[in-house]
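Here are my notes for someone opening this structure for the first time. Have it on screen while you go through the points.

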Amino acid sequence: MSDKPIIKFDLSCDLSITWKKLWRDDSFYLDYLREQDDIDIVIGSWSMEGNSSNSLTRQVECSHPVKVSFPGTPSHTRCFRRQTITLSNKNTTLIMNELMRFEGI
């Protein structure tokens with residue numbers, strides 16, 4: 001399995017506002033998942049990543065809709081996400097990393 005990013009982009013913004021509006025309040029991400037037709041959503045709390053004071057991690061679980069339908073396939077599959085947010089470069093850069101694993105496909 002590769003750890004190479006699927007997408008990488010720069011976004012000019014105030015990091016404290018971005019954190020408060022997009023990640024500290026789970027309602028933004030919960031609404032996003034619901035718009036994707038995900039169900040049975042559980043969003044864990046952010047916690048410190050190891051001994052690093054500049055990284056936070058949380059677990060997200062949900063049932064995600066299967067886009068291709070074959071006889072006998074379920075309508076949804078379990079999806080497990082591990083999200084890590086790291087502040088670096090003297091708190092001027094926020095790195096969001098998300099690892100996804102699907103079960104039942």
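1. A quick definition before we start: helices and strands here are DSSP runs, at least four residues (H or I) for a helix and at least two (E) for a strand, numbered from the N terminus. With that in hand, a spot such as Asp-37 can be placed: Asp-37 sits in the loop between α2 and β1, the strand covering 39-43. Keep in mind that you're looking at a predicted model.

2. Now the overall layout. The protein chain has two helices and five strands. Reading from the N terminus, the order is α-α-β-β-β-β-β. Along the principal axes, the C-alpha atoms take up a box of roughly 55 × 30 × 25 Å.

3. How much of the chain is buried? Of its 105 residues, 23% count as buried. The exposed surface comes to about 8,000 Å², and 54% of that is supplied by carbon and sulfur atoms. As for contacts between residues at least 6 apart in sequence, 38% of them join residues at least 24 apart.

4. Next, the helices. Helix α1 spans residues 15-24 and helix α2 spans residues 26-35; they pack at an angle of about 50 degrees, with axes 5 Å apart. An angle between 35 and 65 degrees falls outside the parallel and perpendicular classes, so α1 and α2 are oblique to each other.

5. Which residues make that helix contact? From α1 come Lys-21, Leu-22, Trp-23 and Arg-24, and they meet Asp-26, Phe-28 and Tyr-29 of α2. By type, the residues of this contact are four nonpolar, three charged and no polar.

6. Two of those helix residues, Trp-23 and Tyr-29, turn up again in the largest nonpolar core. This core has seven residues, the others being Leu-33, Ile-43, Trp-46, Val-60 and Ile-85. If you click on Leu-33, look for its contacts beyond four places in sequence: Asp-38, Ile-41, Val-60 and Arg-81. Val-60 is on that contact list and is also a core member.

7. Two backbone spots to check by eye are Asp-37 and Asp-40. Asp-37, in the loop between α2 and β1, has a phi near 65 degrees, which is positive in a residue other than glycine. Asp-40 belongs to strand β1, and its phi, near 50 degrees, is likewise positive in a residue other than glycine. Asp-37 has a relative accessible area of 51%, so it counts as exposed. Asp-40, with 54%, is exposed too.

8. Finally, go to strand β4, residues 76-88, where you'll find Arg-82; Gln-83 is in β4 as well. Buried or exposed: what is Gln-83? It is buried, with a relative accessible area of 0%. Arg-82 counts as partly exposed, because its relative accessibility is 32%.

9. What do these two residues touch, leaving aside neighbours within four places in sequence? Gln-83 is in contact with ten positions along the chain, namely Trp-23, Tyr-29, Trp-46, Leu-56, Thr-57, Arg-58, Val-60, Met-96, Asn-97 and Glu-98. Arg-82 touches Glu-49, Thr-57, Arg-58, Gln-59, Asn-97, Glu-98 and Leu-99.

10. Two distances go with that. The C-alpha atoms of Arg-82 and Glu-98 are 5.6 Å apart, with their positions 16 residues apart along the chain. For Gln-83 and Gly-44, 39 residues apart along the chain, the C-alpha separation is 10.0 Å.

Notes. Residues are numbered from 1 along each chain as its sequence is written. This is a predicted model: local features need pLDDT of at least 70, side-chain atom pairs count only at pLDDT 80 or more; totals for chains, interfaces and linings use all residues. Side-chain values use heavy atoms; hydrogens and water are left out. A nonpolar core is a set of buried Ala, Val, Leu, Ile, Met, Phe, Trp, Tyr and Cys residues joined through side-chain atoms within 4.5 Å. Buried means under 20% relative accessible area, exposed over 50%, partly exposed in between (1.4 Å probe, protein chains only). Contact means heavy atoms within 4.5 Å. Axes are lines fitted to C-alpha atoms, for helices over the stretch in contact, and angles run from 0 to 180 degrees between N-to-C directions. Angles under 35 degrees count as roughly parallel, over 145 as roughly antiparallel, 65 to 115 as roughly perpendicular and the rest as oblique. Ala, Val, Leu, Ile, Met, Phe, Trp, Tyr, Cys and Pro count as nonpolar, Asp, Glu, Lys and Arg as charged, and the others, Gly among them, as polar. Accessible areas come from the Shrake-Rupley method with a 1.4 Å probe; for residues, only the protein chains shown count as cover.
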